[in-house]
Amino acid sequence: MRIIIPLLFISFISLCNAQDVHKLSKDEIDKETKAIERLIDSSKAYYYKGDFNNSVKYNVEAITRAKAINDPLLINKGYKRMGYDYLGTQDTLEAKEIFTKSNKYALSTNNNSIIGDSFSDLGNFYSFCQSYDSSQVYYKKAIVSLKQAKDTLKLTRTYSNLILSSINNKKYKQAHIYLELLDKPEYDKFCNKTIKAAINHYWSHYYLEHEKNYNSAIKYGSQAIETFKDIKSDFVLGCLYSILADSYNGQGNYKNAAKNYKLSIDKNEKYNQTQIKTISESIYSKFKIEQYQNDAEVAEEKALLQSEIAKSKANLLNILALFTILGLFLFILLYWAYRKRKVLNRELKEKNIKYLKAKDEAEHLSKAKGKFLSTVSHELRTPLYGVIGLSSLLLDEPKLKSHEKDLQSLKFSADYLLALINDVLQINKIDSKSIEEELTSFSLKDLLNSIITSIEYMRVQNKNTFHLDIDSTIPSVIKGSSIRLSQILMNLIGNACKFTENGDIYITVKTKTKTDNTVSVSFAIKDTGIGIPKEYQDSIFDEFAQVENINPEYQGTGLGLPIVKKLLSLSNSEIHLESEKDEGSTFSFILDFAIDSKAIENEKITTIDETVLEGKKILIAEDNRINQTVTKRILQKKGAICEIAENGEIAIQKATTANYDIILMDLNMPVKGGVEATKSIRLFDDEIPIIALTALDISDVLRDISGVGFNDIIIKPYDVNKFTETIIENITQGKKTLFNRAKKAI
């Protein structure tokens, strides 16, 4: 059974409260405002009589006069009323256009109560048109605005409309949520007699159709009937008697069932007779409204015609005058054209200057944005290096085993903040189209194992189990953007782990198609977590978007999935999502890779021998004391002998007086920075490996330091193993150029 309570009867929201008008001429404006409000009140009176023709006439005059005094609130009211007039005549196309205009003026008021009311009108419109999904979008927008405005009265009415729409579309779970909400005291006190009766009606229908709880259905249906008898609503009474009849029938009480069936039929017949009259009057009103519009168009055409006639007369006089003073006129005309041309040229030059200035400002702002993000990331990464480094060192201290969980939490929090910084920079790179794709050969299996290992703490914290399934037909070495794939998989696997507790995470990698030189690989990350409701599955790929009504313990920035979507788009692929609330989610995508046959043939296991560092003399040029301590302690644990230089000037002095196996050179130091210091050292020593240390993004510094004399670059904060590996490689493999190594790192 469906409830189709007439929308114009139960869901029309009262007009917005009057606002102060703009001060032009206060007394006249106040007087005109009151006159416009009287017109809108008259329209309302005609509307409830079913006289849509006169209602529209008053609304047209109200809107015209409201536009004359530039009052968006009154214009909004006029269009709001007119929208319901057109719904009354079943003209949904015109009604949609009018409600859209009403919403436009509501938004311009910056008043959340008015804006929420306007969104609710659009929700009512789409509910009337039986477009459930669209109605839900606008009802929820209305709820957000009305909550911000703390307008509980309008919020209560919007909830009531949303319940009606949900029940009409058999969305009983959603209807139940809002029915229970309206039973709360903070909303119940705002429900008038009619709304309370309607709510009882909804409960009755819910218990009958969804719960099969016939006693409750009869209880609420009987309460609703008492109210609707007073307001003499035959249609609603017919629906309610039908509900009671079905409920009694479900109980086996066939006598009462038959009695209520008869009452339902009687009320429906009475309603149908009334409806025939209403429809005929509605058709007549629609005809009258169209006639009124046609009359207005005729009047407008008549005015245009009169204007054209006047122009023709003026042209005739001009022609007669032209023959009389042709010579003078031609002179004036030519002179005017000359002057006009000069004015236009001047205006064109001014506009070109403004355009160039605006273009320069836009480019300046874009550069400033990039510089700002780069500077902020540097300032954040520098202390993060100390936090991550110290926490890693403290985790290795046997004496601090009792604090291992606390230290792991500290390091996890720092890693999370670092990931956020990287996400923001990544979004900026993609949007500015400055991201580059570097193709390298890599092992997909090793890459996945590395990613899983890197989020082991999160897995243990949420008590999840990873299941990795890699197709044996995938080549052992493939060629593609391993960095981009790592970013995609880190975000998807990290999300799966974050939103799953005591569950399973399945990472499945299969061969889609394969040739001698290429392989198409499908990736799927499935979890058994909280899932994503259908209504949010499109918006989660928007930047900073998060699903509402999810446990607040699940925190995030809303950047991970947008980054995944944009990175896949750069690789001509797209992300696919399958999910149900409380039933987990599956994210999948397909990427193409080249098969690196040479790398497969030459593939061998290489390990880094950390004993190489024993006795090696290392100069650490770093001004931050915490970073000095962290770097020094990491290397000393590997057996290295470390010295500190607080700035570039001291680093040059030490390099001239002592022999070092390698120099770690921070780029940003007082007195003399790392770039200047490296240039000076290269004047007398072009053999010693020098590694640049920076908290800036590598793409921001690569151009500035290439050709200076650096052998490699490490971004802070860094992974201890990668840090150690890079130093050992530069000590053991001899002189290298930065450019090739740095490009590999991007």
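User: Buried means under 20% relative accessible area, exposed over 50%, and partly exposed in between (1.4 Å probe, protein chains only). Which of these words fits K617: buried, exposed or partly exposed?

Analyst: First, a word of care: this is a predicted model, in which local features need pLDDT of at least 70, side-chain atom pairs count only at pLDDT 80 or more, and totals for chains, interfaces and linings use all residues. Residues are numbered from 1 along each chain as its sequence is written, and side-chain values use heavy atoms, with hydrogens and water left out. The relative accessible area of K617 is 25%, so this residue counts as partly exposed.

User: How many helices and strands does the protein chain have?

Analyst: Helices (H or I, at least four residues) and strands (E, at least two) are DSSP runs, numbered from the N terminus. Of the 746 residues in the protein chain, 43% are buried. The chain itself has 27 helices and twelve strands.

User: How many salt bridges are there?

Analyst: Side chains of opposite charge can pair when their charged atoms come close. A salt bridge here is a side-chain nitrogen of Lys or Arg within 4 Å of a carboxyl oxygen of Asp or Glu. Counted by this rule, the total is 15.

User: How many residues apart in sequence are the parts that R65 and E32 tie together?

Analyst: R65 is partly exposed, at 26% relative accessibility. The side chains of R65 and E32 form a salt bridge with an N to O distance of 2.7 Å. R65 sits in helix α3 (residues 52-68) and E32 in helix α2 (residues 26-49), so the parts they tie together are apart in sequence by 33 residues.

User: Where does K638 lie, given that K638 and E610 link distant parts of the chain?

Analyst: E610 is partly exposed, with 33% relative accessibility. Its side chain meets that of K638 in a salt bridge (3.0 Å, N to O). The two residues are 28 residues apart: E610 is in the loop between α21 (597-601) and β8 (617-621), and K638 is in the loop between α22 (625-637) and β9 (641-645).

User: Which strand holds E643, the partner of K617?

Analyst: K617 and E643 form a salt bridge, with their closest N and O atoms 3.7 Å apart. The pair ties together parts that are 26 residues apart in sequence, because K617 lies in strand β8 and E643 in strand β9.

User: Which residues does T440 touch, leaving out those up to four places away in sequence?

Analyst: T440 belongs to strand β1 (residues 440-442) and is buried, with a relative accessible area of 18%. Its C-alpha atom is 5.4 Å from that of K479, although the two residues are 39 residues apart along the chain. Taking contact as heavy atoms within 4.5 Å, T440 touches I478, K479, G480 and S482.

User: Which element gives the most to the largest nonpolar core?

Analyst: A nonpolar core is a set of buried Ala, Val, Leu, Ile, Met, Phe, Trp, Tyr and Cys residues joined through side-chain atoms within 4.5 Å. The largest has 41 residues, and L444, L485, F523 and F589 touch the most other members. Elements that each supply at least two residues include α17 (444-454), α19 (482-498) and β4 (504-514). With seven residues, the one that gives the most is α19.
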